[in-house]
Structure formats: C-alpha cells, structure tokens
Amino acid sequence: MLSLSRTAFLEGVDQRRFCRAQRAPAAKGKAGVVRCVAAGERKTRNAEILIEKSADMVDPKSAVSGGVKDVYGEDRATEEHHITPWSLSVASGYSLLRDPHHNKGLAFTEKERDAHYLRGLLPPTCLSQELQVKKLMHNLRQYQVPLQRYMALMDLQESNERLFYKLLIDNVEELLPVVYTPTVGEACQKYGSIFRRPQGLYISLKEKGKILEVMKNWPEKAIQVIVVTDGERILGLGDLGSQGMGIPVGKLSLYTALGGLRPSACLPVTIDVGTNNEKLLKDEFYIGLRQKRASGQEYAELMEEFMRAVKQNYGEKVLIQFEDFANHNAFSLLEKYSKTHLVFNDDIQGTASVVLAGVVAALKVVGGKLTDHTFLFLGAGEAGTGIAELIALEMSKQTSTPIAECRKRIWLVDSKGLIVKARFETLQHFKKPWAHEREFVRDISEAVKVIKPTVLIGSSGVGRTFTKEVVETMASFNEKPIILALSNPTSQSECTAEEAYTWTKGRAIFASGSPFNPVEYEGKSFTPGQANNAYIFPGFGLGLIMSGAIRVHDDMLLAASEALASQVTQENFEKGSIYPPFKNIRKISAQIAADVAAKAYELGLASHLPRPQNLVKYAESCMYSPIYRQYR
Ligand SMILES: O=C([O-])CC(=O)C(=O)O
Ligand SMILES: [Mg+2]
C-alpha cells in the first residue's frame with residue numbers, strides 16, 4: 001500500500017488530483033508553501049502521481065507573497081498560529097477501490113491490478129465500462145419503486161463516479177426522472193430515512209461565524225458552480241428544511257451529465273436555518289436543525305456570511321445558483337447579490353428562459369408574434385413573475401415597445417384572484433408590475449373566461465388546478481390552446497398530459513415541468529415536452545464559466561431561450577413537443593453555452609480572453625467525459 005502522506009499547505013490545488021508536492025524554502029518568519037513540481041504524469045516510487053496542470057492553480061509565488069489566494073492565512077501564519085494539516089495521499093489497493101473518483105470496479109485492467117495492488121481484491125474477470133453500464137441498467141430496471149432506483153444511483157455516485165455519469169449520459173431520458181424531478185422530490189421528503197452517506201456541504205446556524213472554516217472542510221478547492229438551497233420551497237412540496245439537500249445534489253449531477261461541468265468543480269450546499277415543517281420537526285429521523293426557521297436579520301446575516309465566504313474562498317467567477325428558496329427570500333437575494341456576485345436564480349430565471357423557448361417554438365405551430373398573444377398565469381411567485389417578465393422583455397425587444405406596455409398583454413392570478421390595479425397597495429413588490437386596469441375576478445376559471453388567453457401557464461405549485469372547465473374554456477376560443485402545467489413534481493402538476501389532450505380533443509400544445517408518458521388520443525400519439533429548467537441551467541452555467549463571466553445579464557437568458565427554441569425540429573412538433581428530446585441534451589447545452597458566452601463577450605462581461613473563434617466547438621471541448629482514465 002502506497003502512501004504519499006505528507007503535511008501540505010495547498011492553495012488553489014485540487015486535493016483529489018494527486019500531485020507531487022515539494023516544500024519551497026520558507027520565507028523568513030513564514031510557513032513554507034507546497035508547490036507542484038510537475039505537469040503531465042510522473043512516477044515516483046511505485047505511485048502513480050497525476051497532476052493536471054490547471055489554469056486555476058495558484059502561482060506559488062503569489063501564495064508566498066501572501067496574495068489574495070492565501071484565503072486561510074496559512075502562508076502568512078507564524079509558528080504560533082494554528083493551521084490545518086492537509087494530508088495528500090495516493091490511493092491504491094483497497095482504498096483505491098473505495099475512492100469514488102478513481103474506482104473503476106471490475107474495469108481495472110490486468111496491468112492496473114498489478115500496478116495498483118489490486119490483485120486478489122477483485123474477482124478475476126475484467127469488464128468494459130460498456131458492459132458495466134449494461135449490467136447496471138439491467139439491475140436498475142428490476143426495481144419497481146422509483147425511490148429504490150434513486151438510492152441505487154446515489155450509491156453508484158458515491159462508489160464509482162465515472163460509471164454513474166456514463167450511465168446517466170447514455171440513458172438520460174430514462175434516468176432523468178430518477179436522479180431528478182419527480183423522484184428527487186420524494187427522496188427529499190424521505191431524506192432522513194434513506195440517508196446513508198452525506199453528500200454536499202451543510203451550513204447551519206451552528207456554523208455562524210465559521211462558514212469560511214467549514215468550507216475549508218470540503219475536499220475540493222477549484223469550485224466553479226455552487227447550487228444552494230435553504231430548503232424552504234422544495235419543488236412544489238414546501239418546506240423540507242435540511243432535507244432539501246437532494247435538490248442541489250440532483251441539479252449538480254445534471255450540471256455534469258447535461259452540461260459537462262467537472263464533478264469536482266461542483267459544490268452542493270444546504271443552508272439550514274431551521275424548518276417550519278411540523279411533521280419534520282417531530283420526525284425522529286429528521287437530519288436538520290430542530291427549530292423554527294430563523295428569519296429577518298439572523299437569516300440575512302448567515303446568508304451574507306455565506307456569500308462573502310464563497311467569494312473569498314473561490315473567487316469572483318464561481319457561479320452561485322439559488323434554488324428552491326421561498327418567494328420572500330428568492331427575489332431579494334437575487335436582487336442584492338446580482339450586484340456583487342455571479343448569481344443565477346434557477347426558479348426565476350432558468351424557468352423563465354425555458355418557458356420562453358417553448359412559447360417561441362410553439363408560435364411556429366400556432367402562428368403570430370409574441371405580441372399577438374395574451375398570456376394568463378396561475379401563480380404569481382418566482383416562476384410566474386420571472387417568466388412573465390422575460391416574455392415582456394422579449395416582446396419589448398422584438399417590437400421596440402416600452403416594457404411597461406408589453407406587460408399589459410400578460411395577466412396573473414394568485415391565491416387571492418386576478419391581479420388588478422385595485423389590489424395594488426396590498427400586493428408584494430414583485431407582483432405590482434402586473435396589476436393592470438380591469439375588474440377583479442376571484443379565480444382561474446373566471447379569469448380564463450374574461451381574459452380569453454391564448455397561452456395558459458400554471459406555476460402555482462398546486463396540483464389539479466387546471467380543471468376540465470378551465471381547459472375546455474381555453475379550447476372554446478383557441479384552435480390550438482397553449483397550455484403549460486409547470487408545477488413540480490408530478491403530483492403538483494396543474495393537469496396531466498392526458499387531461500390536456502382529452503379535454504381539448506387533441507388540439508392542445510401541451511408541456512409540463514415534470515415528465516409525462518406519451519398519450520394516445522383518437523389514434524394519434526402525443527409526446528409532450530418537458531418545460532423544465534434542466535434544459536437551460538447546465539448549458540447556461542457552462543457558457544458563464546467558459547467565458548469567465550463575472551455577472552449574469554437578462555440578455556443572456558434571452559440568448560439561451562433562442563438557442564433552445566432553435567433546436568426544436570419539425571419532427572418534434574409533429575409528435576406534439578415544443579422542446580427537443582433530452583437525448584440530444586449535450587449538443588443542445590453546447591449551443592446554449594456558446595450563445596450565452598457570445599453574449600457575455602458582446603456585453604463586455606467575459607474575462608477569459610481572447611474570445612475563442614468557434615464557441616460551440618470550444619464548449620464541446622470543455623465538457624467532462626466520464627470515460628475511465630488509464631492508470632499507468
Ligand atoms: O427542479 C425542477 O424540476 C424544476 C425546478 O427548479 C422547481 O420545480 O423548483
Ligand atoms: Mg427549483
């Protein structure tokens with residue numbers, strides 16, 4: 001068993017990439033600094049030493065000189081100071097098999113088994129990665145219960161990361177509903193009971209004042225994307241507290257599988273300020289803080305400390321994706337931190353971008369320009385107002401009309417009824433732009449009758465609200481009513497695909513946030529598209545990272561929408577879908593990334609210069625491949 005264990009003080013070096021470290025002469029009164037002495041692959045004794053020379057690696061000189069990268073002050077520490085004894089080791093033998101980043105299971109070759117002390121630790125057969133995928137898919141299909149599949153996949157992610165991603169990439173349409181919506185919702189509800197190994201970073205009120213130190217416990221240093229939730233509005237399932245961790249974990253596995261970000265560059269975070277979910281507070285298996293949610297100043301201070309620590313630890317260009325925060329925090333966090341950080345709210349901006357893409361694509365079937373259509377939303381929260389605003393922005397750009405005018409074609413209904421001028425004073429700030437002059441009506445079925453929308457969008461998080469009456473009314477004045485039931489998971493969908501097609505006699509252009517199986521209606525088969533932000537955020541994030549963008553701009557969201565809409569083919573339309581199939585998602589993500597990056601360069605927000613000539617090719621070349629690496 002090899003061990004290259006030594007005490008090291010590393011800055012900016014990915015701990016999982018084994019590097020031969022060498023202590024540089026210590027400056028007077030300062031601790032020494034470790035630097036990596038080799039680029040490429042080197043051999044030392046029997047150990048395989050891999051070093052990937054990365055642009056993110058810090059120049060040893062800047063670390064010695066106490067530059068900005070000396071986040072923890074280790075290089076500046078004098079002998080009296082306490083510092084962290086990072087230990088680097090090269091996995092081999094038994095520990096190699098238990099290292100998810102390097103384990104290949106039965107795919108280790110004979111040569112590798114000899115070189116890495118694996119003889120006898122594996123049965124004699126050697127399998128290819130393809131055969132491993134085939135076997136695993138066969139096994140997964142034996143499970144009838146989706147949650148069992150989810151657990152099996154999480155076990156795989158924790159034991160053989162490359163195989164997990166190979167499986168997911170090669171079988172994306174079949175496995176997306178397992179690692180992601182809707183099954184991930186059930187997993188979060190039961191997270192405490194199914195909890196085996198922790199994933200992601202938990203930052204609770206207990207860590208107040210020490211968040212930077214807590215971040216230091218995470219084994220990776222070169223983080224590019226963080227998905228963070230506070231668990232208060234997990235999908236349409238409400239407050240799940242710390243158990244919301246399943247969402248950042250799931251979203252980031254899509255960042256890798258769909259968008260090609262390296263797994264080691266992704267950090268899932270759950271901020272735990274308590275939960276108001278009584279059931280969880282009483283649940284003996286609950287994993288989070290057992291207290292009511294902190295709010296106001298206490299909440300704001302913890303978030304502020306977190307946001308500062310991220311920037312201090314990972315720099316200016318790490319993308320922070322806010323996910324499943326409740327309305328009352330989501331808008332204000334986005335507004336506050338979009339001025340100082342690279343932030344993106346998936347529920348406001350990602351969902352808006354994917355829905356705009358679907359609407360733009362649908363108009364190719366229905367006809368007319370955006371401004372010829374009338375939109376009615378059920379739900380005026382993050383998704384509803386986010387989508388409405390992006391549609392209005394696109395209308396405004398297309399017609400050079402002030403955005404305030406364009407908003408007038410868009411109506412929203414919340415839990416109290418239609419949003420109208422008469423309610424203005426009592427409305428939350430994010431609803432105010434949608435308060436137009438009209439008589440108040442109480443609910444969606446009345447609103448559909450008076451507004452006569454051509455596009456009906458559900459984003460309320462409440463299931464079964466597009467009743468037969470609502471859908472039939474839509475079909476009574478629209479030849480092809482566009483109906484989008486966005487709420488997740490499936491149980492919260494405003495109506496099912498089958499209901500939409502049946503109640504409109506096969507005339508609906510339908511899409512939903514959660515997946516539905518194809519529907520047969522009077523001899524015709526309809527394959528509804530999935531209007532889920534999973535189409536956008538992986539490519540969007542890749543575009544930001546590869547261009548070194550420092551801020552998100554609305555024009556980038558429009559660029560992502562256009563890129564997605566342009567991928568919908570005649571064949572997709574004929575099947576009833578306004579989105580391309582997920583099986584092409586890596587190609588789609590590369591296109592989205594390229595167009596987002598192009599916009600970043602155009603707006604002067606990109607910092608990776610010079611701009612690559614062919615951004616699509618560049619995006620593809622940046623993508624992580626899950627194929628096993630050869631070990632010498
Ligand atoms: O996670 C999903 O499937 C889409 C989403 O962001 C949400 O519903 O909050
Ligand atoms: Mg979400």
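1. Domain 2 meets domain 3 through 14 residues on its own side and 12 on the other. Contact here means C-beta atoms, placed from the backbone, within 7 Å. This is a predicted model: local features need pLDDT of at least 70, side-chain atom pairs count only at pLDDT 80 or more, and totals for chains, interfaces and linings use all residues. Residues are numbered from 1 along each chain as its sequence is written, and chains are lettered from A and ligands numbered from 1 in the order in which they are written.

2. On the domain 2 side, helices H5 (146–159), H6 (161–170) and H7 (172–179) each give two or more residues. Helices are DSSP runs (H or I, at least four residues), numbered from the N terminus. H5 gives the most, 7 residues. By class, this side has 11 nonpolar, 1 polar and 2 charged residues. Ala, Val, Leu, Ile, Met, Phe, Trp, Tyr, Cys and Pro count as nonpolar; Asp, Glu, Lys and Arg as charged; the others, Gly among them, as polar.

3. The C-alpha centres of domains 2 and 3 lie 28 Å apart. Domain bounds come from an automatic or database domain assignment.

4. Ligand 1 lies between domain 3 (179–341) and domain 4 (349–532), because both give residues to the shell around it. The residues around ligand 1 include Thr-181, Asp-324, Asn-488 and Asn-532. The shell divides into 1 nonpolar, 5 polar and 3 charged.

5. Helix H24 (585–602) is largely enclosed by the rest of the structure, because 14 of its 18 residues are buried. Buried means 20 or more other C-beta atoms, placed from the backbone, within 10 Å of the residue's own. Just after H24, Gly-604 takes a positive phi of about 70 degrees.

Conventions. A residue is near a molecule or strand if its C-beta atom, placed from the backbone, lies within 6 Å of it. Two residues are in contact if their C-beta atoms, placed from the backbone, lie within 7 Å. A residue is buried if 20 or more other C-beta atoms lie within 10 Å of its own, exposed if 12 or fewer, and partly exposed in between; C-beta atoms are placed from the backbone.
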